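Dear colleague,

Please find below the structure that I am handing over to you. My notes on it follow directly after.

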Amino acid sequence: MPLPVILAGWVIVTATGTGTISGGMGVSKMRRAKRTVTEAENEFELSVAVTAEARVSCETAFEHLAATRFQAMQDALVPFTRAFEQLKHVDLIVDVREDGAPPLDAVEIIAAGNLSVTAIHVILGLATAAAAGAVASTATSAAVTAAAAAGTGTAISSLSGVAATNATLAWLGGGPLAAGGGGMALGATMATGIAAAPAVLVGGIFLNQKGRAAVAKAERFAADAETALAKHRECQAILAAVTAEGQRADELLGHIVRRLLPLNGWLEGLTERETDWRRLTDSERERVRLAATLAVGASNLVHTPIVDANGALTQAIRSACEQGAGILG
Amino acid sequence: MSRDPDVTTESESSSAPLLFPPVVGAAIGRLPPAFRGVFAEALESTEPLLLVDQAEAIAAESAAAIAVDGAAEETARSERVIVAVRAAQEREEQRWTAALAVVEDIDAEASATELDDLARHLGAGDEFASAEAFDAAMDDEDWALSLGPAAVLQVDHGERLSRIAVRQTPPSAKVLGEGHHASTPDRLTPSGGAGSWIEGPDGPAILLGDGTVVAPADGTFARSPQAKATGDVIAVRAHRWASGRPPQLEPHAVAALASCLAARGAESPLAAEVPLWLITGVGVSEPDPSNLASTLVQAGRTLRKARRAHQAAAPLLHLAFEVSRLRSERTPVTDVPAPSAVIDVGRIRWCELSQRPITWIPLLDEHPDTVGGPDRAWTTDPPAAGATWHSTSPALRMDPSWSATLVVVPGDPNVWCVDPDGAWWSLEVNYEAILLARREHREVWCDAMEWMHEAMPAKIEAAEARADALDAAAATGRETNEPSSTAQDEITETSGP
């Protein structure tokens, strides 16, 4: 094969090959980006569902607790107060809502973990980028073809004249056929190839850069999704702890009320007979202490919110959150 | 913004396009000289456009790296919280179980010791701790049994801010009372058209919202009374038709940046470049008034007239440039809010679960296609250039009713905080430093964009010149060769079979 043909062919193959490979890599990267976004989105949606489930469990536990608190107030604390105030002044603050229930603990503890940039937005962003970029890249690729054609023309025309052009094309084709070359036809093909090769190269590189940017955008989204997922896991752990607190408070309050109810009857009978503390026996005094201690314990469980609108978690959970966040060291 | 040498110096100094793989350069180098220009000229003419695309990819990768670092930090923090919460839950479980066991075991005939235990497990208080203590309380005329909610603890809001700021007197007396009124926790308060533009005597001037403007004067940014400026107030936004929305600052951030630049007498670009430079960090002149539609029509006409491929090169490059270039959109501002002595730039919020301040300083566009990613306005660190910024709030539960306002006082580069009671706190941090750090990874794109604006007109002119020269050569060739059909015949004969 004559040298000019080999050279031109080598350049054409190199340029178009590089462009095609780059373009192929770009397309592959875009597919990978889409997969990354979809996977991150799926994992995020799953986590959102788990958090929602944990919140429902928490709310259910607190609804039970609210009912138990109402019963405790109505059946145990109010009768206790009526009887005990015959012996000593007592302040019972009945903190209830219009429907008679104590204020329900607020359990909406998540303000974070909401991705402001959804996967859909990202994908749309990529689509927009592709559409808007298409104009620029198409124009650029077309321009490079035209510029290459101009370059070919300049090179050929510099020899001046149609004869010179034909001679050049013949040279590019490896010389006249008579001399064993490819001739003008092959030369023209080579010239066309040289003109088109840069466009393929530029188009491929454009596509590759777009794919590279798409992968980076998808990785950024996945990282932000990971941050949100971490927040959801944290939220789920706190909700689980708060739910357990609610359930245990409910259980303990129920037991205290069951212990207090018979003591209330006894205290009522006692105060009907005697209202002077000093005249009670030691045994009676201790039983009054038992009733009062249970009443205070019940009152604490009725009135102390586990989570309220001001974020009053139990000190244990709050301290854990602070410690984990690095505030307490 | 200064140009990144990695981007421009190499590109400008090299005749062979750097963006292309070395194998392509080697192949071009082996071509006969007459054909070497085919590739070199064609590829070089598109190099600025390709470089912008490459810079966009680099900025996106940097944004991804920042997000990955932030995710690692937040994941580690969350895992620590989870471990601590689970440990606390276990301790609480033991406490509840012990209390439950004591209550279950207690009966009317309980011993004094059992009663003491009960009082302790139920947290009943000192008065119930022993028979003697209870007896004393019952005998005490002043003591009353209280069954109700515990006293509400008063929150010390000052303590919240003291973790990241220092209580100080404001930088000027006239700002007292500013910055906290009408402040909402999740929205900035626009004031006096801060970030809008007006035509000053020496070019465009930006309003700071306090009755002053910043404009270039003798090569530096200077602050002067707004009264000296004339004309209508307009809003300026950066725009680009191609992919990658320009990373543009929100108006309040542009005003605050301008204030900082004027405070230190920073060097300014050319007056015509100031709006886009302040908004995006790209120092380019305003594009000519012709819009894209007229450019498209113009390019279409030129392409229609083109009879040969080389005649299309210049209009196509022009079209690609017009689509890729940065331009500004100007709209009149009809409703200018009341002036304020401060520029509202952010908020300090409070996370009720972790008991820590959360800072929100929005700067940029939040569109996902923004070059270098959408804004990352949140941090749990003390707000500074080196802080880790997140795209969403890292707080699980923010106090909905409390927030402190972050402001920049025109003439002072410091970031100030005004608490809900009107007290002033200094964050001891430069607003410009925070802004530049947050925009740093986008600089590569800004540099590439500047170079594209600088280089493309010359590339287009060169393409036009090449086409003209080729047309002229072809015309000369026709005149020379028309009678010489013999020469062509000779060639045909020699190259034919």
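The notes below cover chain B, the nonpolar core and one helix pair.

This is a predicted model, in which local features need pLDDT of at least 70 and side-chain atom pairs count only at pLDDT 80 or more, while totals for chains, interfaces and linings use all residues. Residues are numbered from 1 along each chain as its sequence is written, and chains are lettered from A and ligands numbered from 1 in the order in which they are written.

Chain B contains 13 helices and 14 strands (DSSP runs, H or I of at least four residues and E of at least two, numbered from the N terminus). Of its 497 residues, 50% are buried (20 or more other C-beta atoms within 10 Å of the residue's own, with C-beta atoms placed from the backbone).

The largest nonpolar core (buried Ala, Val, Leu, Ile, Met, Phe, Trp, Tyr and Cys residues joined through C-beta atoms within 7 Å) has 198 residues, and Ala298(A) and Ala258(B) touch the most other members. Helix H4 (residues 183-273) of chain A supplies the largest share of this core, 34 residues.

Helix H5 (residues 282-303) of chain A and helix H5 (residues 131-139) of chain B have axes that come within 10 Å and cross at roughly 85 degrees (axes are lines fitted to C-alpha atoms over the stretch in contact, and angles run from 0 to 180 degrees between N-to-C directions). H5(A) and H5(B) are therefore roughly perpendicular (65 to 115 degrees). Arg285(A), Glu286(A) and Arg289(A) meet Ala131(B), Phe134(B) and Asp135(B) there (contact: C-beta atoms, placed from the backbone, within 7 Å).

Yours sincerely

Technical notes: A residue is buried if 20 or more other C-beta atoms lie within 10 Å of its own, exposed if 12 or fewer, and partly exposed in between; C-beta atoms are placed from the backbone. Angles under 35 degrees count as roughly parallel, over 145 as roughly antiparallel, 65 to 115 as roughly perpendicular and the rest as oblique. Two residues are in contact if their C-beta atoms, placed from the backbone, lie within 7 Å.
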